[in-house]
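Biologist: Please take a close look at a single part of this model, the pairing of its strands, and then carry on from there to the side chains and to the second chain. I would like one connected answer, with the geometry spelled out where it matters.

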Amino acid sequence: MIRLCLAVIATFLGFIFTLPIVLLGLPFWMVAAVTKSMSRYFEPRVIPWKKVIEFDPVVGWKPRANLDVYCSFQAGHFHVRTDDHGWRGEASLQDSDVVVFGDSYAFAYGTDDKKAFFHNSSGTLLIKSIGSPGYNMVQELLWMRRLAPELRGKLVVWFIYYGNDLYDNLLPNFSTYRMPFVRERNGSWEIVDWHVNPRRWPCSGDNKFRLKQKWHTTFVDGALSQRAYSAAAYLLGQGKDLSAAADFSLAVVSIPWPLQLNQEDWSHTMKRFGDPKAFDPLLPDRNVKEICRELEIPFIAGKDILSLAHHIPGDGHWNSSGHRCITATISDIHANYAVKGRARVEETFTRNRGVAVTSIRA
Amino acid sequence: MLTIALPARSSATLRSFGLVICGGVSFIVAFVSYLTGSILWLVLGLLFILTFGTVGMLRPQKTLSVPYLAWNRLAREFSKLARLWVLGICFYAVLVVVGRVGSSLGLRRPKSSSSLWTPRKSLTPEAYHSEHTMPAGGSVASGWIASYLSWTVLSRNYWACCFLPFLILLSALEHEHESNVPTDLYTLF
């Protein structure tokens, strides 16, 4: 009781001293609040993400078909159009020269259709994007398998995002959504999807409360990362086998976590999880490149072609300049390396834009 | 939630910010004009508002980005100093006074037959977001204030309720590290 009385008196006196802070801060709070509340009148009517995606019994979720809507995100809103199957991009899968599989980066999250990498501005190269926000590599492989008959003779580019893909391959859920994943059994990996159903996953805090494990898995050489890269090798191997069976050319483009592109942000963030020196921003590209070399899959490190200027500030997805850079990269891969038929890895060399590519030749 | 920094920069937020600035300037101009009784201030203010407002609405990225970033920077600098001030009052005024009564923590070496181990039960999934058992029917959705108050009641630290205004003020002064990229991309689900 004495403690409570003392606390009340101390709080009262303390609050008198904080009153100037409150008064000085008032303009800032008011401007921020009014700006935030009025900004919605300058945006088109957006729909919530639950209406953009729908349940899929094997993959977990996919974008809805025939959408023509605006979606809101961290830095504003963007226009999304999808085709009869739920994929963005004007080209049909049948007509396209290149098919890109990936997560939100393949979906062109945060960018209008007309500025996305799959927009056919020149009319020379038709790119189809097969991707949805939150996908892991397992889901992307399952789509590759499902669409394999339509991929014959095409170049397939597989985006691997280091921000969460490698870790999420091992998880049964993404937030409250159930998704297929890989597990190791008797020394070999297998895809698990029996738990995928429309019901909400009971524990949804993984993305917030397991950040340390997530970054350890991708960026620290240890038991966790060995497991994650082994799973990635299994999935890439499955993709390679599929490309041989379905007769398409497969290339891998890694997508850097934007923090990897800025040393200051990298150090600041990694300090939260222990010794920042333990986290190696180059580890994922080293490991995935080695996996691709062994599997004879052409590999391009996104870190070598993208900079922070290619990303939307405060969000982390690509801006229009980033999308142009990716279109140019895909065009380069298609023009130089997408050779129909069997491909053979010959050598690694540096291209004139400084891109390290493992080349293939017929 | 009340925040001191402006929302993420987009055309919509820039236009909105432009209107707020125009509103603020018109208020100041009207006030000055009233005090001085001069119509010149009113005319100059109206000219500024019309020019700034029109150009800002048409070309928000080019016109308003600089004042937007400058305002945000000012807000961040203010919040840094204000947080230091508020934390100083918390640590060197409130906690020092309360601490004079002593601590309820058992910090002394226990007797040979007793233990300092405290029995704990498993937490419910709803309590994963906090470090103490949530009361029956409580949920994360009810916010950190409800969670904090429930802790003060369950742990009988009633005095800590007095701390709440300072915590609210600190949360309103919170600003994120000035980073170009977020640590987590997925805000959509």
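**Strand pairing and what lies beyond it**

Modeller: Strand 1 of chain A runs parallel to strand 4 of chain A (residues 68-73), and two bridges hold the pairing in the assignment. This is a predicted model, and everything that follows should be read with that in mind. Within this parallel pairing, the residue that stands opposite A:Val46 is A:Tyr70 in strand 4 of chain A. The two strands belong to an open sheet of three strands in chain A, whose order is 1-4-5 and whose pairing is mixed. At the edges of that sheet are strand 1 (46-47) and strand 5 (76-81) of chain A, each of which pairs on one side only.

A second pairing in chain A can be set beside it. Strand 2 (residues 53-56) and strand 3 (residues 60-63) of chain A are joined in the antiparallel sense over four bridges, and with three residues between them these two strands form a hairpin. One register point of this pairing is A:Asp56, which faces A:Gly60 in strand 3 of chain A.

Two loops of chain A deserve a closer look for their backbone angles. Most residues other than glycine have a negative phi, and most peptide bonds are trans. A:Asn186, although not a glycine, has a positive phi of about 50°; the residue is found in the loop between strand 11 (181-185) and strand 12 (188-192) of chain A, where its relative accessibility of 79% makes it exposed. A:Glu296 is likewise not a glycine and has a positive phi, in this case of about 60°. The loop that holds A:Glu296 lies between helix 9 (283-295) and strand 14 (299-301) of chain A, and at 39% relative accessibility A:Glu296 is counted as partly exposed.

Turning to the aromatic side chains, the search over all chains yields 29 aromatic pairs. A pair of aromatic rings is described by the distance of the centres and the angle of the planes. For A:Phe159 and A:Trp318 the ring centres are 5.7 Å apart and the planes meet at 85°; the pair is therefore edge-to-face, given that planes over 60 degrees apart are classed in this way. The two residues come from distant parts of the chain, with A:Phe159 in strand 8 (residues 155-161) of chain A and A:Trp318 in the loop between helix 10 (302-305) and helix 11 (320-336) of chain A, a separation of 159 residues. A:Phe159 is buried at a relative accessible area of 1%, and A:Trp318 is also buried, with a value of 1%. Ring pairs connect both residues into a cluster that also takes in A:Tyr105, A:Phe117, A:Phe118 and A:Tyr161.

Other rings are approached by charged side chains. A:Arg146 lies over the face of A:Trp143 at 4.3 Å from the ring centre, while A:Lys62 takes a place over the face of A:Trp87 at 5.9 Å from the ring centre.

How many disulfides does a search of the whole structure find over all chains? The count is zero. For A:Cys5 the reason is distance, because the closest cysteine sulfur, in B:Cys162, is 9.3 Å from its own sulfur and thus too far for a bond, against a cut-off of 2.5 Å. A:Cys5 is partly exposed, with a relative accessible area of 39%, whereas A:Cys71 is buried at 0%.

Chain B, in which that closest sulfur is found, has five helices and zero strands, and from the N terminus on its elements follow the order α-α-α-α-α. Of its 189 residues, 31% are buried, and chain B exposes about 12,500 Å², of which carbon and sulfur atoms supply 66%. Among the contacts in chain B with a separation of 6 or more, 58% are between residues 24 or more positions apart.

Finally, B:Thr3 sits in the segment before helix 1 (11-36) of chain B and is partly exposed at 29% relative accessibility. Leaving aside residues up to four places away in sequence, B:Thr3 touches A:Trp29 and A:Ala32, as well as B:Ala172. From C-alpha to C-alpha, B:Thr3 is 15 Å from B:Phe166 in space, while 163 residues separate the two in sequence.

Conventions:
Residues numbered from 1 in each chain as written. Chains lettered and ligands numbered in written order. Predicted model: local features only at pLDDT ≥ 70, side-chain atom pairs only at ≥ 80, totals over all residues. Heavy atoms only, no water. Buried < 20%, exposed > 50% of the residue type's maximum accessible area, 1.4 Å probe, protein only. Phe/Tyr/Trp six-rings, centres within 6.5 Å; stacked < 30°, edge-to-face > 60°. Lys NZ or Arg CZ within 6 Å of the ring centre and 35° of its normal. Contact = heavy atoms within 4.5 Å. Areas by Shrake-Rupley, 256 points an atom, 1.4 Å probe, with all protein chains shown as cover. Pairing = 2+ DSSP bridges.
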